[in-house]
Amino acid sequence: MWIHLIFLKDICRIVNGLVKTVLGPPPGSTTTLSPAQDLALRVESMKCLVGIIKSMGAWMDQQLQATDLCLLRSPESDASAESYSMLNGDEGAAVDYELESSSELSEAATLEQRRAYKIEFQKGISLFNRKPSKGIEFLISAKKIGGSPEEVASFLKNTSGLNETIIGDYLGEREEFPLKVMHAYVDSFNFEGKDFGEAIRFFLRGFRLPGEAQKIDRIMEKFAERYCKCNPNSFTSADTAYVLAYSVIMLNTDAHNSMVKDKMSKADFIRNNRGIDDGKDLPEEYLGSLYDQIVKSEIKMSADSSAPQSKQANSFNKLLGLDGLFNLVNWKQAEEKPLGANGVLIRHIQEQFKAKSGKSEFVFYAVTDTAILRFMVEVCWAPMLAAFSVTLDQSDDKTATFQSLQGFRHAVHVTAAMGMQTQRDAFVTSLAKFTFLHCAADMKQKNVDAMKVIISIAIEDGNYLQEAWEHILTCLSRFEHLQLLGEGAPPDASFFVVSQSETEDKTQKSPGFPSLKKKGSALQNPAVMAVVRGGSYDSATLGIKASALVTPDQINHFISNLNLLDQIGNFELNHIFAHSQRLNSEAIVAFVKALCKVSMAELQSPTDPRVFSLTKIVEIAHYNMSRIRLVWSRIWSVLSDFFVAVGLSENLSVSIFVMDSLRQLAMKFLEREELANYNFQNEFLRPFVIVMQKSNSAEIRELIVRCVSQMVLSRVSNVKSGWKSVFTVFTTAAADERKNIVLLAFETMEKIVRDYFPYITETENTTFTDCVKCLITFTNSRFNSDVSLNAIAFLRFCAVKLADGGLICYDKSKEDDSSIPVMDGDDSYGLPFTDKDDQVYFWVPLLTGLSKLTSDPRQTIRRSALEVLFNILKDHGHIFSLPFWLGVFKSVILPIYSTTEGKGETFDIHDGRFSLDSKSSKSEENAWSSETFTEAAQYLVDLFVSFFDLVRSQLPSVVSVLTRFISSPVQSLASAGVASLLHLAGDLGNRLSEEEWGVFFLRLKEAAASTLPGFLKVLRIMDDIEISDDSQTYTDMELYSDHGFTHDDLEDDSLQTAAYVVSRVKGHIAVQLLIVQVITELCKAHQQSLSAANMTVLVEIFSSVTSHAHNLNSETILQVKLRKVCSILEISDPPIVHFENESYQSYLNFLHSILTENPSLSKIMNTEPQLVAECEQILQIYLNCAGCESIKQTPGNQPVTHWRVPLGSAKKEELAARTSLTVLALQVLSGLERDSFRRYVSHFFPLLVDLLQSEHSSGEVQHVLSNMLQSCIGPIILDL
């Protein structure tokens, strides 16, 4: 180590001595040299310094070039050796390709013909090994192989004797036919069920990867697509497989080359592949297993190379074009790592010195490792920088400044190539400052020469500049600005998009500034004034000394300096950007990052935004678009963030210009073909999506819609994964607050669906769901009903295409999934479908979208959505499996009807008070219910009947929906429910089993009982309400008929609450009577199909309803209060008596029909006692209404005298209302069989006696009673 230290000390001493000479004697010291001698000495010392750094660079370049030259020769020698062996008759490995199957060779072919065929075939192989395209053409023309890509691929795959390197080169060609052959070659492999490492090993067995990175890219891109197609559940997209393939190749190189000392660990491999699965991590177990496979067994891409291992090890990555790709996938960084291998080098030098220490002669040792140069530069770079900078700053001598600039040039070259970031940036920054572009008024020829050196560095050392690119590109930007000022060109802001009227005004009023080089009008140009004032190098904008005065002399000097810039033409500047194609993978990414930073600074200028760098971004993106996907993806990651940031700028003109620039790039990018399962188009168009979603400017959003529309319609055949971004943009536009944006987006959407639907699902079927989601968003448009209706029609069109197999690339392997998530990005579609049918993924968003649309507040929209939804299900339901149907009912159909709960409730109570304001919404709610839910009930029944055999398990849910209709307080809904339930039962008829009939009746029973708790709770509200101070009896109610109440008699709040109770009572009675009506009609129509168990349920329903009706009618005080309220509000009374009569009458008829029409069932159910008991109850109710009680006797059998009070008018009306029911009860009792009548007569005979002495409203009861006494009771008495 001491020798190394002495060595560096000597170098340091030499450089420091030369630097002191260059800088001259310190101030205040004396010298014996004349000025001319001093200058000459300084110049010569400067030449020495420049010579030192130049020699360092020359030696470094020599070593690097020598290494690369040796490395790149080995593959050629391998290919030549193989070709030589083939040409010299080494045919042992060749086979007679398709010799037996050739149509030209029959079994009778002579030996000479066979030999001629083999010679010609071998000639084609030899020609292929020299010129593959010529060889293929020869074999096809000679009809030795077929002319299709598949046949050529089979030839390449199965024929021995072909040079594996040449096969790889041919497969990597970009011409149309070789590209088709490569696709056919890759498609001939079946990777199904293969592990990724096994698949890539199997794939690379037959050829050697070519030496050009773009060829490798095309092959690996197709491999990734094929692997994902064979194993669709392996990765999120083919992009993952593509990146992982590169990682595996790099790992294979790292693990199996002896020259790689610092081997990659498993943890490193896992860390390097984080986030490659569409932003997510692959399982660590999977990556660890893949690592173990590669490390344990090398992937051999060809036969053993004849090149020496040391050369092959150092050349492999460069030979594959992967030398810069390690960093792009977070591989091992090639930054400042000087001491690992260098320690070995230093120890080797020490040993050589020790071995020669006994000899007195001088010995020089040749060093070939460039790492030793780093130590030399580290000790001498700072003095050299000082010498070059001071000389360039203080001296105007052409020779001295030239040498200083050469020193800068060589120093940047050495430090950049050695990866010495700090030193490189120091030299570049200093040189950039010496261009004086930030204060052009003080510029001299040496500053122009510094700019020339900057350009030279950019062209020659671009691969090593990294972060230093920002300084160089800043200089180019400022230089271009000065050139425009000199030519009198208008500022960039004038080219931004403006309105037509503004453009015309500018054309008339602002013709532009005259050329400064020809006219002295600079004082009129504020941009020139700002430049003349100047600023610091690091300032974002020029002219920071805004208050400084500018003299005409300064202007003239500035104009004369602009003439100096003519020495540098536009060609040199443009060459830097065109040369970007030659930058390596790392350098181009650094170049783009720096250019974006500079462009951002230009565009953010508050006074004079410029677009020079922005236009260059578009140019270099175009130049580098053909790079391999891995590199271009990294480039676009930088550009994408830039376009988003600038697109969201507050400066509208800048944003518009940037979006238009992005459109130009996208149009060019969409010319490239994208394979299946890739996602890069979507990534490319994502800036449009982000800006569309985040921009507050309507102009920007409209521009994005226009740009995307233009791109899609002009490149529709090339759009693949980009459809996702396209539909996301249109989905955002569909929800926009501006009508013109919505209409513009839908116009394009309409054309896409109508004319280009096959393209939507050509590659990615998942884009169908994006299309559907977009159309559903349009259906919610509030600006134009026609848009919504047309969107619904297009959803119907999509359903037809889906049902007819319009999705081209069905992926049947999805059936392996036990659960298919519908849509990741929207929880509203995350529904519990677990069907293995691959169509689930596409049907669900369409059906659920229409389902939700049925609750749209617009009448035409919800009716159209309802009609289309059920038409789709009815027309295409035959292709649905049972599990899918179950999911449809649960998540599509039934949610429509769940909204009925609460929809029909048009009255509300707040803190015990009823609000009359809610009446204003009554008509709207009723209209909603009657128009939507009535149709929905009909559609549901029709659909269920059509697919009953398949979906009969959903009968409980369907019946529950209809019974909820019946339970609704809204009369139209309840009527619709009755009609639909009867329709359902009538259409199904005998197809229903006993258990399914039980479902009908149990649901009706639940419906009848479910309303009772809430209703009784409402009734109890009246307990706390006092209608008047005096408590009136029931018989006194008729007194109120002649006297009216005013609102002053009652509290307003109490009156409103009581009115609410009245409405609830009326609604409740209507519901209960409808339930009675339904079960009565069902029983009449299907009595023969009903079992005893089901009939028992019906009896329980009738019994429950009649009991409830009787109890309600027994609430005397409640009825008094309700009658008062109705009288005050001048509304009809609740039909409580009618409710009781109708329920008893229906119950009586039901029991009587069982008794007379089905005696066997009657015996099982023991109907007769129930019938007699109900008749007795009816008679007792009538007697109570008539005010008659049974005659009671004292223990001494002395009768008690009762005074009869005449009935009031109200009582007479009620009695008249109950007459028909009483007559029916008497007729039923009379109709009993003789034995049955004799058995029960003792129970109801006292009631008959009371009827004889009670008051009646008519003679009907007396007439029936007389007949009963004569025909039934008389014979019994006579028989005694």
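Helix α41 is a good place to step in: 9 of its 12 residues are buried, so this helix is largely enclosed by the rest of the structure. The buried ones are L955, V958, V959, S960, V961, L962, T963, F965 and I966. Keep in mind as you look around that this is a predicted model. You can also check the length of α41, which runs over residues 955–966. At 1.5 Å a residue, its 12 residues should span 16 Å, and the end C-alpha atoms are 17 Å apart, which agrees.

Now step back and take in the whole chain. There are 52 helices and 2 strands in the protein chain. Of its 1280 residues, 51% count as buried. The accessible surface comes to about 58,600 Å², with 52% of that belonging to carbon and sulfur atoms. What about contacts along the chain? Taking those between residues at least 6 apart in sequence, 75% join residues at least 24 apart.

How far can you trust the picture? The chain averages a pLDDT of 76, and 74% of the residues score at least 70. Over residues 808–837, though, the pLDDT is below 50, even though this stretch has 69 contacts in the model beyond near neighbours in sequence. Residues 1190–1196 also stay under 50, and there the model has 6 contacts beyond four places in sequence. Where pLDDT is low, the predicted coordinates should not be read in detail.

Let's go back to the helices and visit α7, residues 176–187. Its 12 residues should span 16 Å at 1.5 Å a residue, and the end C-alpha atoms are indeed 16 Å apart. Which of its residues are buried? They are P178, V181, M182, H183, A184, Y185 and V186. And what do these buried residues pack against? Their partners are α5 (149–158), α6 (164–171), α8 (196–203) and α9 (213–230).

Charged residues are worth a tour of their own. Side chains of opposite charge can pair when their charged atoms come close. In this model the count comes to 43 salt bridges. One of them joins K194 and E198, with the closest N and O atoms 3.7 Å apart. K194 counts as partly exposed, at 22% relative accessibility, and E198 is partly exposed too, with a relative accessible area of 40%. There is also a network of salt bridges, linking D187, K222 and E225.

Some of these pairs sit inside. R610 and E602 meet through their side chains in a salt bridge, 3.5 Å from N to O. Are these two buried or exposed? R610 is buried, and so is E602.

Another pair to look up is R796 and D875, whose closest N and O atoms are 2.9 Å apart in a salt bridge. R796 lies in helix α35 (residues 785–803) and D875 in helix α37, so the pair ties together parts that are 79 residues apart in sequence. R796 counts as partly exposed at 26% relative accessibility, and D875 is partly exposed as well, with a relative accessible area of 37%.

While you're at R796, look across to V868, which lies in helix α37 (residues 859–876). V868 and R796 are 72 residues apart in sequence, yet 6.5 Å apart in space, C-alpha to C-alpha. Leaving aside neighbours within four places in sequence, V868 is in contact with I792, R796 and L850. V868 counts as buried, because its relative accessibility is 10% and the limit for buried is under 20%.

For something on the outside, find L882, L886 and L950. Together they form a nonpolar patch on the surface, with about 210 Å² of accessible area. L882 lies in helix α38 (residues 882–898) and is partly exposed, with a relative accessible area of 38%.

Finish with two loop residues that have positive phi angles. Q466 is not a glycine, yet its phi is positive, at about 50 degrees. You'll find Q466 in the loop between α19 (445–460) and α20 (469–487), partly exposed at 23% relative accessibility. N1166, also a residue other than glycine, has a positive phi near 55 degrees. N1166 lies in the loop between α48 (1159–1165) and α49 (1167–1186), and at 46% relative accessibility N1166 counts as partly exposed.

Note on methods. Residues are numbered from 1 along each chain as its sequence is written. This is a predicted model: local features need pLDDT of at least 70, side-chain atom pairs count only at pLDDT 80 or more; totals for chains, interfaces and linings use all residues. Side-chain values use heavy atoms; hydrogens and water are left out. Helices (H or I, at least four residues) and strands (E, at least two) are DSSP runs, numbered from the N terminus. The expected span of a helix is 1.5 Å times one less than its number of residues. Buried means under 20% relative accessible area, exposed over 50%, partly exposed in between (1.4 Å probe, protein chains only). Contact means heavy atoms within 4.5 Å. Accessible areas come from the Shrake-Rupley method with a 1.4 Å probe; for residues, only the protein chains shown count as cover. pLDDT is the predictor's confidence in each residue, from 0 to 100. Patches are made of residues with over 30% relative accessible area and no salt bridge: like charges are joined within 9 Å, nonpolar side chains (Val, Leu, Ile, Met, Phe, Trp, Tyr) within 5 Å. A salt bridge is a side-chain nitrogen of Lys or Arg within 4 Å of a carboxyl oxygen of Asp or Glu.
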